[in-house]
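Please look through the structure shown here with the notes that follow beside you. They take up ring pairs, charges and burial in turn.

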Amino acid sequence: MSRPTSRTDVAPPSREEARTRPVLQARGLVKRYGRVTALAGADLELYPGEILAVIGDNGAGKSSLVKALSGAIVPDEGEILVDGAPVRLPTPIAAREAGIETVHQTLAVSPSLDIATNLFLGRELRRPGPLGSVLRMLDRPRMRAEAARHLADLGIMTIQNPNQAVETLSGGQRQAVAVARAAAFGNKVVIMDEPTAALGVRESRAVLDLILRVRDNGLPVILISHNMPHVFEIADRVHVQRLGRRVATLDPSGCSMSDAVAVMTGALDPDELPSGALAPGARR
C-alpha cells in the first residue's frame, strides 16, 4: 500500500473540487487468504452528500471491502484515500481517527450498559480538573446530555432516557443507538453493514429514515445490503461487487432491481443495460 501523504502537502481543494472529489476512495484493493482472493483489484468512490449502496452475491468481496475501509484488515495491494490524500488504516482506531465510523451487523453495543455509556464507549468524557486527570472520574452528566443531543439531532424520539439500559430496547432502537454513535463521531464517512437484516417492517422503516437523516446532516453513507427494495429506495448510486471487484455503478433511477440482480449474478453484462442505467463517474 502506498505511503500516506502528509495533509500539509495537499493543497486545499476549491469549492467545486470539494463537491466533485470523492470523500473516500479505494483504488485497486487486493486481499488474499492463501489461495483465495477476496478482493481482486476492487475500486470504490464515495462522493459528498450521497448514499452509496454496495450490493453483491455471497463471496463477492463486500465484507472484505468494508473491513479494508474500516481498518479491520490491511489490503495486500492498492490504496485508500480520504479527501484525496492516501491514508493507511491498519486498525479500526486508525479508521476512526480518519473520520470513518462503521456500524457492523453485530452492532457492537454492550446490552448491560446504558445508552449514554454505549455512545461514548472507548471515548468516555472525564471530569474537569484533577478529578478527571488524576482520579479518572467520568463526567456522566455531560455524557448523558451529549447523548440526548445526538439522539435528538437524528430525530430519534422513541428513546427518551439516555440512562436506559440497551438490553431493554427493541432491535430497531439498538440499531438507532449504534447509528447515533457513528454519526456523533464520524466526521467523514459512515459505513453501515446490513442495518435492517434482523429487523421487522416497522423498525426497518425507522432505520431507513435514520440513514437518510444522517446523509441530510452532511455525512455520506456507504450502505451494504441484500435488500433490493431498501437499496433502490434510498441509494443515490449502487456499487455492484462481483468476484472481488466492482463490475458496475448503477443509477437506481435508470434501471430496475431485476437489472441490478442480473448484473450482480453475471447474467447480464453492464454494457447490455438500458441507457441511463450506469451512473456517471461523479455524483450529479
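1. A charge is said to sit over a ring if NZ of Lys or CZ of Arg is within 6 Å of the ring centre and within 35 degrees of the ring normal. The charged end of lysine 31 meets this rule over the ring of tyrosine 33, at 5.5 Å from its centre, and the charged end of arginine 123 does so over the ring of phenylalanine 185, at 4.0 Å from its centre.

2. Please keep in mind that this is a predicted model, in which local features need pLDDT of at least 70 and side-chain atom pairs count only at pLDDT 80 or more, while totals for chains, interfaces and linings use all residues. Residues are numbered from 1 along each chain as its sequence is written, and side-chain values use heavy atoms, with hydrogens and water left out.

3. Rings of Phe, Tyr and Trp (its six-membered ring) pair if their centres lie within 6.5 Å, and planes under 30 degrees apart count as stacked, over 60 as edge-to-face and the rest as tilted. A search of the whole structure finds one aromatic pair. Its rings belong to phenylalanine 120 and phenylalanine 185, and because their planes stand at 85 degrees, with centres 5.7 Å apart, the pair is edge-to-face. Phenylalanine 120 lies in the loop between helix 4 (115-119) and helix 5 (130-133), whereas phenylalanine 185 belongs to helix 7 (residues 171-185), so the pair ties together parts that are 65 residues apart in sequence; helices (H or I, at least four residues) and strands (E, at least two) are DSSP runs, numbered from the N terminus.

4. How buried or exposed are these two rings' residues? With buried meaning under 20% relative accessible area, exposed over 50% and partly exposed in between (1.4 Å probe, protein chains only), phenylalanine 120 is buried at 4%, and phenylalanine 185 is partly exposed at 26%.

5. A salt bridge is a side-chain nitrogen of Lys or Arg within 4 Å of a carboxyl oxygen of Asp or Glu, and by this rule the count comes to 14. One of them joins lysine 31 and aspartate 76, at 3.8 Å from N to O. This pair links distant parts of the chain, 45 residues apart, with lysine 31 in strand 1 (residues 24-33) and aspartate 76 in the loop between helix 2 (62-69) and strand 4 (77-82). Lysine 31 counts as buried at 13% relative accessibility, while aspartate 76 is partly exposed at 37%.

6. Another salt bridge is formed by arginine 215 and aspartate 216, at 2.8 Å from N to O; arginine 215 is buried at 17%, and aspartate 216 is exposed at 55%.
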